[in-house]
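This briefing introduces a protein chain to a first-year reader. Please consult the sequence and the structure shown below while reading the points that follow.

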Amino acid sequence: MKKWHLIAFLIVVTAVWSSNLFGQATASGTIQGTVTDNSGAVVVGAEVTAVHKATGTARTTLTGGTGAFRFDLLPVGNYNITATKSGFSKSITGMELMVGQTATINAQLKPGGSNEVVEVTAESLLVDQTKTSVSQNVTPSEVQELPLIGRDVANLAYLVPGVKAADSYDPTKSRYAILSVNGQDGRNVNVTVNGIDNKDSTVGGPVMQLPLEAVQEFAISTQRFSAANGRSEGAAVNMITKSGTNSYHGSLFGFFRDQALNAIDTISAEGSGQKPPYSRQFFGGSVGGPIVKDKLFAFFAYERQREHTSIPERGSAFSELQLVTSLGAQPAAVIPTPFFENRYNGRLDYKFSDRETAYISYSSQANNSLNDRSDQQGDLTGGNFTKNHLQVANFTLNSVLSNTLVNSFTFGYQYWNNLIDSQLKVPYVTFAGGEWFGTNVNVPQQSYQRKFQFRDDITKTLGKHTLKGGVDYIWTPRVGGFFESNSTLEVDFNADPSAILADPATYPQGFSTPGLIGSMSASGGDPKFLLSVKQLGLYFQDDWKVTNRLSLNLGLRWDKDFNLIGATAIQNSRTFQELQAIGSPYAKLPHDDNKDFSPRVGFAYDVTGAGKHVVRGGFGLYYDNVFQNIPLFMIQQANPTIYQGIFSISNATEIVPGTGIPLGSWRYGVDPFPVIPPPSSQLNDGATGRLMESHYRNPFTEEFNFGYQWAMTPNSVLEVEYVHTLGLHENKTVNLNPVDPATGARPLSAAFAAAGVPVLGRISSEQSVNRSRYDGLNFSYRKRMSRRFSVNANYTLSRAMGWAIQSGYPEVGSGFRNYPHDPRNIWDPRDFGPTPNDERHHITISGIGQLPWGFELSPILQWGTARPYDLNEGYDVLQIGSGYSRPLIIDSSDPTNLTKFANTPPSAACLASGQCHQIGYDTMRGFPFFQLDMRVAKNIKLGESRNLQLTFQAFNLTNKTNYGNNISNQATASDFLKPAGYINPTSSTTPRAFVGEFGVRFTF
């Protein structure tokens, strides 16, 4: 291990030392082209200059023997490209360069004097003649002019083919735009800010949101991105922040929502019949300009959000909890969920010379909220507070070492600290109908990470070859946190309050009736999971202009992770030690991968040579990380004391700890609460073991694409693309110690007992053996602003398939926490089916229309066919002690009766004979999704450079109730097959009903 640390250190130091150190490879663009005369012959030795209009920074080069020129690692923005040579007139072409783009700008020189000028405006290019990836840019005008429900720029990624909204997969992500790319759940999307890692190493996905006023633009590559990008098998999102310029510019804005502007959602209408209280104010501004003209530039943006929202209590739960206020419940028709946040970004750019520039950028996001872990079954005692602080910063030093050699060095820093806790520590009390009060079972928990990143990218042009290479090193001295589930005593009543009070014969002592408590449990121990990890990435890429029409992209990347699977903790894990004690073959230590090589090959062919018809395609391997909540529970079992269930009783004869009273005789509110035993340094008998399988490795995907792009007009383009993604070595959690239904015993119990160690129950082994598959056909039409309107329309025909997950919840992806329903047959074909985010047909349409009298109309339409959901019995139907409730069993002679075995397990003989059989994975479909958002704006010019814009934004304009696949799927539930809530239920970025918002924005 020390050898790898030394190698990583030397590589980074060498990269820094050798760098005279130009914008990030992942946060910049390229301009290339050919200079010819009016006969079409190439012009050798022409001087070509690219001038960044905003700052005046210039780059100059000479055309080579083929008349070609190229500028790599350019900051994005508007440019003038000037080509001159003695005996010819001067050519000036104006154009806009976007992040990640390779813009081809050809110049034609006509015979004449140097004082003659030919000016051409190329605008932003719709056809990238050298692009081999599946990607799309979100432009500055789209960032500012399209409706955004939470001012999260990532919402605009939904307008890219293959991307759709998914539910939050973690409490820290409920206010984020979660991107399901190519059928996955969003965890494997890697977001960078100015080239710096913005990834959550614990659960995946992005860490922080930038102030919208600070976002210049971003590019999203849904597949086949270049070797410069790594650590993602899903998508790469590259965001860049705004900078100051030679002119002063800025903005002031405010957006306002109120209860009166919202429609009542369906659940509220069925419950209280009234709209929950709601108000929100989102305001801020930005300013940028020169501190020293042509030398030093500054930019600053600030945004503040004040939100007073609430969630409606289910009517049935509210009625039931009103009957138990004497026990400590505090029912409320609505539960307040206030939220307050500050976001800001500052950036300084300094130009040493035209050949060397530097900038520093710092962004911060801090928020606090209440009761965001509450559901519609609890009360005010089940509330919580959440505190969140996030930072990302970078220092970038850029140099043009020669006309053909450019280099960029970046140092980055990222910090995140999220705490979810409660001020109230009291027992958690549940009732038969799901109502509850007391300390929330999801608190306390914390996520924490601190990262330092060193990155260097160098580009050398040699004739027709553009060679790129780089090193990317991340040191995370601390990542993890703690998680306590059921942190207080849990007491479970066998009946609902109304049933107890209505039946004095059965419950003569009311809530104190002996036998009314069905179970009790408590947990304790050290809940921390902390690691120190390192990540190293090296890449080399050759962009080869084989001919004027054919471009090849040849790349190779190597990634090495240190300790991401928790290797330093495994040997202290009690499960591992117990398996060692019995001589189990599973007691082997895993090791970090050393062979994560990612070859990437792509081509682009300009069919006619005019840049109007381009055929492209490619193949590549893409490695991802192991998220920390995969080894989380294993790491907890390596702590001095183990966080686990300290006691759990459900039998009437079991003694309530510390009281001497059997559970069946214990009286709530009369007898003393149990004495919670102290935490243990060893696992308890019957505890769940946790293990990282010895061959665990990083997941990766095999990806290929083939597409055609046609510039229909100078302002519009049509694109058709087929994409294929095969996910390999994804996570699967397998129970190594299931109950044998024939004997009722677990296979390892006797060995544990003989070794004198605790007899474990199920043993969850994390294995990297799972697979998934996605095939999609994307149709895209884009028209930039011309004739006063722009359009971006996409249609995707796709199929996302994977192996079953246990929970059946729509937010869980096939490649994460995958539990086969029968661990004795982990490749049962009935466990293979569509992933929860599979939509066979998906359409998005957006546009900006400039109407008379300064009005502007900007709609976004999203439609998708129904997503699938799974069915289960609600109990361990196979009786194998895995804690899983999949699958659902039906009688072969009565296949429409889905509840026949809801309370009575089928016999083994029934399944063996085929008289009854299991239903496959995700065989049901929910409801189609439809959402129309609209933004209406009125622009009032206040002079040449000032504008006042008045806006009204409508989200879910048609007031559509989108249940999606959030369907009650347990056969034992009273609401089986009925909507359980809305699509993406924990996400705050999906409107449940019509939401209106007024706004004003002043720019100068």
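A residue is called buried when its relative accessible area is under 20%, exposed when that area is over 50%, and partly exposed in between. Asn959, with a relative accessible area of 35%, is therefore partly exposed. The model under discussion is a predicted one. Its chain contains 10 helices and 53 strands. The radius of gyration of this chain is 30 Å, close to the 30 Å that the globule rule gives for 1004 residues, so the chain is as compact as a globular protein of that length.

**Overall dimensions and surface**

- Computed along its principal axes in the model, the C-alpha trace of the chain spans about 105 × 65 × 55 Å.
- Of the 1004 residues in the chain, 60% are buried.
- The area that the chain exposes is about 36800 Å², and carbon and sulfur atoms supply 58% of it.
- The chain carries 82 positive and 84 negative charges, and the mean positions of the two sets are 8 Å apart.

**The disulfide**

- A disulfide is a covalent bond between the sulfur atoms of two cysteines.
- The structure holds 1 disulfide.
- Cys910 and Cys916 form this bond, with their sulfur atoms 2.1 Å apart.
- Both cysteines, Cys910 and Cys916, are buried.

**Aromatic residues**

- A pair of aromatic rings is described by the distance of the centres and the angle of the planes.
- The count of aromatic pairs in the model comes to 31.
- In one pair, the ring centres of Tyr963 and Tyr982 are 6.2 Å apart and the ring planes lie at 5 degrees, so the pair is stacked.
- Tyr963 and Tyr982 both lie in the loop between β52 (947-955) and β53 (995-1003), so their pair ties together parts that are 19 residues apart in sequence.
- Tyr963 is buried, and Tyr982 is buried as well.
- One aromatic cluster is formed by Phe431, Phe437, Phe493, Phe511, Trp666, Tyr668 and Phe673.

**Phe619 and a contact across the sequence**

- Phe619 belongs to strand β35, which covers residues 613-623.
- The relative accessibility of Phe619 is 38%, so this residue counts as partly exposed.
- Phe619 and Thr132 are 487 residues apart along the chain, while their C-alpha atoms are separated by 9.5 Å.

**Backbone geometry**

- Most residues other than glycine have a negative phi, and most peptide bonds are trans.
- A cis peptide bond, with omega about 0 degrees, joins Val443 and Pro444.
- Pro444 is located in the loop between β27 (436-437) and β28 (445-462).
- Leu73 is not a glycine, and its phi is positive, near 55 degrees.
- Leu73 is placed in strand β4, residues 68-74, and its relative accessibility of 6% makes it count as buried.
- Asn959 likewise is not a glycine and has a positive phi of about 55 degrees.
- The place of Asn959 is the loop between β52 and β53.

Notes. Residues are numbered from 1 along each chain as its sequence is written. This is a predicted model: local features need pLDDT of at least 70, side-chain atom pairs count only at pLDDT 80 or more; totals for chains, interfaces and linings use all residues. Side-chain values use heavy atoms; hydrogens and water are left out. Helices (H or I, at least four residues) and strands (E, at least two) are DSSP runs, numbered from the N terminus. The radius of gyration is taken over C-alpha atoms; the globule rule is 2.2 Å times the number of residues to the power 0.38. Buried means under 20% relative accessible area, exposed over 50%, partly exposed in between (1.4 Å probe, protein chains only). Accessible areas come from the Shrake-Rupley method with a 1.4 Å probe; for residues, only the protein chains shown count as cover. Lys and Arg count as positive and Asp and Glu as negative; His and the chain ends are not counted. The place of a charge is taken as NZ of Lys, CZ of Arg, CG of Asp or CD of Glu. A disulfide is a pair of cysteine sulfur atoms within 2.5 Å. Rings of Phe, Tyr and Trp (its six-membered ring) pair if their centres lie within 6.5 Å; planes under 30 degrees apart count as stacked, over 60 as edge-to-face and the rest as tilted.
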